[in-house]
Amino acid sequence: MAINMNGYSTQRITGLFSGMDTESLVKNLLATEQSKYDKVFQQKEKAQWRYDAYSALNTSVSSLRNDYFSVLGEKSLTKNAAYNAYKVTMDTNSAVRVTGTANAMPTNFRILSASRATAAGVTGIVNSSQTEAAGQSGMYLQAQASGTIASDAALSADSTIAELATQFGLGAGENLSFSVNGETFTFEQSATLAQVQSRINDSEKANATLSIDYANKTFSIKSDTIGSDTALSLGNITGKAFATDGGFAMEGPAAKKSVIDGSMTFKELASLKGQELSGDYSFRINETDFNITENMTISEVMNQINTSGAGVKMSIDDATGAFIFRNSSGTEAIRLEGAIFGKDSVTGIEAGEHTTAGRINRSDSLQTAARKLGHTLSDEVTVTVNGKDFTFNTRTTTLSGMMSTINGDQQAKATFSYSELTDSFQIASDETGSSARLTFDFGELEDVFGLSMNGSASLSGTDALMKVESNGVTREVVQSSNSFTLDGMTFQITGELTEAQSPLQVSVERDVEPTISAIKSFIEDYNKLVVDLNGKYYEKAYRTYTPLTEDQRSEMSEKEAELWDEKAKSGILRNDSTIGSLLTNLRSALAVKVGDTGMSAYDIGISTVAWKTDSWRTEQGKLQLDESKLRAALEKDPDAVQKVLSAVSTGSDGTADTSVSSVNGTQKSEAGLFTRMNAFFTSFNSTMRSKNIVNEQKSISNYTEKLSEMLTKMSEKEEKYWAQFSKLETALSEMQSQQSWLSSQLGLSA
């Protein structure tokens, strides 16, 4: 690595007068120091390579351990479940499903009957699919204000506030300021009426529209929203834009709010729609005739219709202000005729036959849902579920919102739902079984949803019941849940099975295939690790290929440097003692007999790959599996196979004992193959972390510190050499100047 003197400030004078290549001379003078620096740099590179290689191997071994030898590993071969899989065979049915667990036992039995556990609850069928005839929305008219602009001059969109300063009550240069629904507007007197109009109408917060009839000098301002909650609030700040004697001379002291309510007469309703009605009106709904007068209120007319034999319910949609007629008995057509029907009529409902259904959906507000079902609600309702009170605004709360609130409450411990499929509401406890309890009070919503306690103090659930017969013995199983485990088998009751039906035959037998598959998976991953370990341990070392210095790397192409690095890194862990020890221990583990089984891994079909002259460095230590032999061993004595592989032995001091002893020339251990392998891997990881990796970290740190010291000394030396050569150049320069002066004095100049 060539040194860099950018940090030094001495002015360097090249061989301008001496003619010497100063830079090359300095570099040659520092060659010895540079060589020493490069050697330490290469030592640091090798330490870094060893650190990286150790870390990678340590991670690979840890991954294998965590996957197969940790109780938390999904592929763990240390858990009973890895050796105790059971296959359940049973008659096809939709009532009961049985699966085996690691604790199951081979058996045969019959299920004679089964019934599901239920939650405490009740269902209300509401039948919301009635035919519906709906009027146009907007029957709730906007809040509005209107008046006349008090000006003798002609008006246009370009008329300015200054021209109307007197009417607006403004002094010289005073701005006009007012508020609309809380939004403040301020205008200089140079602003035009068109600009005032545009600013108000473009404001989202003001939520209002200003209209000006310049020819007739009239104005109106309306809220942009409709409905019972519509509002228009006007306020003067400076000047008097909104006043009976102001610039916009209002007809009254405040904005008018035109909202339909039950006390309004049909004549007043017609007036809101710009119509004039007088006298009596006749109309027909289905086959029923009605006669009303202009002064009858909307409530009186609705009551007359709803209590008649017409078979319909009349209501007003709170959200849109539209009149609604719903068939109270079903989906038959609704036929409407007469004076109050028609597109521009007071009801806004077309005359004729209506067949469209207006079913409930979860996005309906509580008031809309109630209206569809022929009910009216207060603006606020309170319901109680299992002692927890909930209060809802019926105008703004949707069915979905009400359900989410109740269902998400931990104290209520209940689920409230609506099924579009069955058109029914249901409330049920979150728990099932005879101990499950539910109490509720829906208040006004009780009739709407069809949900009632029917005078009961509380509702109760029911237990799951299952009758089984095995070896001539019949037993009734009672459970609070529809999913439960007995005798190592998981039962899920999904339907009903009666004793009048054919019983279900169930057979449980051990399934060895999952165990074989798990062991095959381990051997495959184990062999990949062994190949990697062997590769690192026996990898050829190229001693003539040392780590490249920066100068050497700069002289090569990228590909040349890559090939050089590959050779230089080769053999970096060759003959490493930690790797060698692990490989030796693993190769010796298979022949050990385990406990009182009299068997080793070889005896159940796990052996090492046959030795081959041409590939022994990569193949040695790899495992192979004789599936037929393993399957036969598992079918004959699965417990013995599990012991050979995963038996755990504890010494007198309470720690794991993986020792191997020799009895009559036979290697024996109380610990299974995988238990001993795990101990070898654990020891390897421990040594790697506490010794190999730590030592390389220390070496890297020491080399880094040494390189820093060497660089400082080299830089100081380089600076000294440059200073010396600079003095030489300065002296030569002075000598040349003196010589030139002397020559000129002696008349020797050319």
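## Helices α9 and α12

In this predicted model, Y526, V530, L533, N534, K536 and Y537 of helix α9 meet I579, G580, L582, L583, L586 and R587 of helix α12. Sorted by class, the residues of this contact comprise eight nonpolar, two polar and two charged ones.

Two packed helices are described by the angle between their axes and the distance between the axes. For α9 and α12 (residues 577-588), the axes come within 10 Å and cross at roughly 140°. This angle makes α9 oblique to α12. The crossing of the two helices is left-handed.

## Helices α9 and α14

Helix α9, which covers residues 513-538, also packs with helix α14, which covers residues 627-636. Here the angle is about 135°, and the axes are 10 Å apart. The two helices, α9 and α14, are therefore oblique to each other. In this case α9 passes α14 in a right-handed crossing.

Which residues make the contact between α9 and α14? On the side of α9 they are E513, T515, I516, I519 and K520, and on the side of α14 they are E627, L630, R631 and L634. By class, this contact of α9 with α14 has four nonpolar residues, one polar residue and four charged residues.

## The five-stranded sheet

Strands of a sheet pair through backbone hydrogen bonds, either parallel or antiparallel. One open sheet in this model consists of five strands in the order β1-β32-β3-β28-β29, and the pairing is antiparallel. Why is one side of β1 and of β29 left without a neighbour in the sheet? Strands β1 (86-90) and β29 (473-479) stand at the edges and have a single partner strand each, so one side of each remains without a neighbour. From one strand to the next, the twist of this sheet averages 30°.

Within this sheet, strand β28 (residues 464-470) is joined to β29 by seven bridges, and these two strands run antiparallel. M466 stands opposite V477, which lies in β29.

## The three-stranded sheet and helix α7

A further open sheet has three strands in the order β4-β24-β23, again with antiparallel pairing. Its edges are formed by β4 (119-125) and β23 (414-419); each has a single partner strand, so one side of each is left without a neighbour in the sheet. The twist in this sheet averages 15° from one strand to the next.

Six bridges connect β4 with strand β24 (residues 424-432), and the two run antiparallel. I125 stands opposite S424 in β24. Helix α7 (residues 399-407) packs on this sheet and touches β23 and β24. The direction of α7 makes about 160° with that of β23.

## Loops beside β23

Two residues in the loops that adjoin β23 deserve mention. K413 is found in the loop between α7 and β23, and this residue has a positive phi of about 50° although it is not a glycine. D423 is placed in the loop between β23 and β24. D423 is likewise not a glycine, yet its phi is positive, at about 55°.

## The hairpin of β7 and β8

How many bridges join strand β7 to strand β8? There are five, and they link residues 176-180 of β7 with residues 183-187 of β8 in an antiparallel arrangement. The bridge partner of V180 in β8 is E183. The hairpin of β7 and β8 has two residues between the strands, and N181 takes a positive phi near 50° in this hairpin.

## Confidence of the prediction

The protein chain has an average pLDDT of 86, and 92% of the residues score at least 70. Over residues 1-10, however, pLDDT stays under 50. For this stretch the model has 22 contacts beyond four places in sequence. Where pLDDT is low, the predicted coordinates should not be read in detail.

Technical notes:
Residues are numbered from 1 along each chain as its sequence is written. This is a predicted model: local features need pLDDT of at least 70, side-chain atom pairs count only at pLDDT 80 or more; totals for chains, interfaces and linings use all residues. Side-chain values use heavy atoms; hydrogens and water are left out. Two strands pair if DSSP finds at least two bridges between them. Helices (H or I, at least four residues) and strands (E, at least two) are DSSP runs, numbered from the N terminus. Axes are lines fitted to C-alpha atoms, for helices over the stretch in contact, and angles run from 0 to 180 degrees between N-to-C directions. Angles under 35 degrees count as roughly parallel, over 145 as roughly antiparallel, 65 to 115 as roughly perpendicular and the rest as oblique. A crossing is left-handed if the near helix is turned anticlockwise from the far one by less than a right angle, and right-handed if clockwise. Contact means heavy atoms within 4.5 Å. Ala, Val, Leu, Ile, Met, Phe, Trp, Tyr, Cys and Pro count as nonpolar, Asp, Glu, Lys and Arg as charged, and the others, Gly among them, as polar. pLDDT is the predictor's confidence in each residue, from 0 to 100.
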